[in-house]
Structures are given as C-alpha cells and as structure tokens.
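Subject: The structure, and what turned up in it

Hi,

Here is the structure I promised to pass on. Have a look at it first, and then read on for what I found.

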Amino acid sequence: MAGVVAGVLMVLPGSRDFGVEGLWPEGARVSLDGVLTRGTEVVQTKVHLSLYNAGQAPVIAVLSLLTWMPGALTALLVCFSLRRITRHCRFSDRALFSQVTISQLRRIGAVLVIGSLVSFLLDAGAKAVATRMMMNDGYVLPSVGDLPVLAVFAGVGVFAVAEVIRRGMVMFDELEGTI
C-alpha cells in the first residue's frame, strides 16, 4: 500500500521524496576524504541511486510501480490460494487428500515460478527504461539477491508436495477398495 501511495505522490508537482530505486550510474565518483582510517584503500565503489525527474513524473511513477507491484501481487495470489486450501481442509481429514487441494497447490507452484520470474523481468525492464530516461551513462545491474531463486525453488517444492498428496490420495483410495 505504501508503494501505491509513493507512486501517486511521485506524480504530484514538487514531489522529490520518492523515485525509482536501484539505478547504477556509470563512472560516479564518491569522495571518501576523512572517512577512511589510515592504511585503508577503496577496492571497489558502487553508487546506488533513487532518482526522480519532475518532467517525466507519470512515466517514472509507472516504472516505480513495476519494480515492486508484480512481486506483491504474486505474494497475494499465493496467500489467497493457501487460504482456500486451509478453509477447504478444515471440514475433515479426507479433505486434505482431495483434487481441490492438489489443484490449489499446483496453482501456487505455478504462481510462484511464473510470477517470480515475471516480477524479476518487469523490475529489470522498468529499471532499464528509467536508467535511459534519467541518466546519460547509466546501466542496470541486478544483484544476485534480486534473482528469484528461492521463490522458484519454493514453487517447484509446492509442485512436489502436490504430487505427494496426489499419490497419497491414490493409495488411500486403493486401501479403501481393499478393505
């Protein structure tokens, strides 16, 4: 919700408190005079910027929303699907081993895998466009932490859980048929 408010505030005239974050300028210089102790050398310097351009405010606001909103929507879809599973499974133990649970788990897995990859691509694309709009020699450098590795693995894990429940359901049905 705070991101939506920040996006709206970006469009308002005179707003300088919000901008597109995570942009890396080419060849930026940072003075560290008086900050470093004797014998300390700077090995590498990276400058992380949050930029705003009043002349491009509506476009910048949309680009800013594209950096975080797809990930937030992915998380909300997963939460809604988990809520459906827990609401459905409250009624009986057998409800856990049902086609409804399996389909909801598969949906969660797909949302996690596809949603996190799309979120990453939209974030990188929005930052690339913002960089070209607001910098002469900037570039987009996604960090290793930006890669959706954990979400993709979680999605694959949810698919595995759905398959375990499906096989458990088949075994349960066979057991009931035997007795």
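Four helices and three strands make up the secondary structure of the chain, and along the sequence they run in the order α-β-β-α-α-β-α. Keep in mind that this is a predicted model. Of the 179 residues in the chain, 29% are buried. The accessible surface comes to about 11900 Å², and carbon and sulfur atoms account for 65% of that. Taking contacts between residues at least 6 apart in sequence, 77% join residues that are at least 24 apart.

Now the inside. The largest nonpolar core has 12 residues, among them Val-78, Ile-85, Cys-89, Ile-102, Leu-105, Val-158, Ala-162 and Met-169. Three helices, H2 (57–89), H3 (99–134) and H4 (149–178), each put at least two residues into this core. The largest share is the five residues that come from H3. There is also a second, separate core of seven residues, including Leu-51, Ile-60, Leu-63 and Met-135.

If you want one residue of the larger core to click on, try Ile-85, which is listed among its 12 members. Leaving aside residues up to four places away in sequence, Ile-85 touches Thr-101, Gln-104, Leu-105 and Ile-108. Of these partners, Leu-105 and Ile-108 also belong to the core.

On to the charged side chains. How many salt bridges does a search of the whole structure find? The count is three. Two of them share a residue, since Glu-163, Arg-166 and Arg-167 are linked in a network of salt bridges. Here are the pairs in that network:

- Arg-166 with Glu-163: the closest N and O atoms are 2.7 Å apart. The two residues sit three apart in helix H4, so about one helical turn separates them.
- Glu-163 with Arg-167: the N to O distance is 2.9 Å. Here the spacing in helix H4 is four residues, so again the separation is about one helical turn.

What about the exposure of these residues? Glu-163 has a relative accessible area of 24%, so it counts as partly exposed. Arg-166 has 30% and is therefore partly exposed too. Arg-167, at 52% relative accessibility, counts as exposed because the cut-off for that class is over 50%.

The remaining salt bridge joins the side chains of Asp-123 and Lys-127, at 3.6 Å from N to O. Both residues lie in helix H3, four residues apart, which is about one turn of the helix. Asp-123 and Lys-127 are both buried, whereas Arg-167 is exposed.

Last, the outside. Val-30, Leu-32, Val-35, Leu-36 and Val-42 make a nonpolar surface patch of about 390 Å². To find the patch, start from Val-30, in the loop between strand E1 (20–25) and strand E2 (49–51). Is Val-30 buried, exposed or partly exposed? With a relative accessibility of 44%, Val-30 counts as partly exposed, because that class runs between 20% and 50%.

If you only have a few minutes, I'd look at the 12-residue core, the network around Glu-163 and the patch that includes Val-30.

Cheers

Definitions and conventions:
Residues are numbered from 1 along each chain as its sequence is written. This is a predicted model: local features need pLDDT of at least 70, side-chain atom pairs count only at pLDDT 80 or more; totals for chains, interfaces and linings use all residues. Side-chain values use heavy atoms; hydrogens and water are left out. Patches are made of residues with over 30% relative accessible area and no salt bridge: like charges are joined within 9 Å, nonpolar side chains (Val, Leu, Ile, Met, Phe, Trp, Tyr) within 5 Å. Accessible areas come from the Shrake-Rupley method with a 1.4 Å probe; for residues, only the protein chains shown count as cover. A salt bridge is a side-chain nitrogen of Lys or Arg within 4 Å of a carboxyl oxygen of Asp or Glu. Buried means under 20% relative accessible area, exposed over 50%, partly exposed in between (1.4 Å probe, protein chains only). A nonpolar core is a set of buried Ala, Val, Leu, Ile, Met, Phe, Trp, Tyr and Cys residues joined through side-chain atoms within 4.5 Å. Contact means heavy atoms within 4.5 Å.
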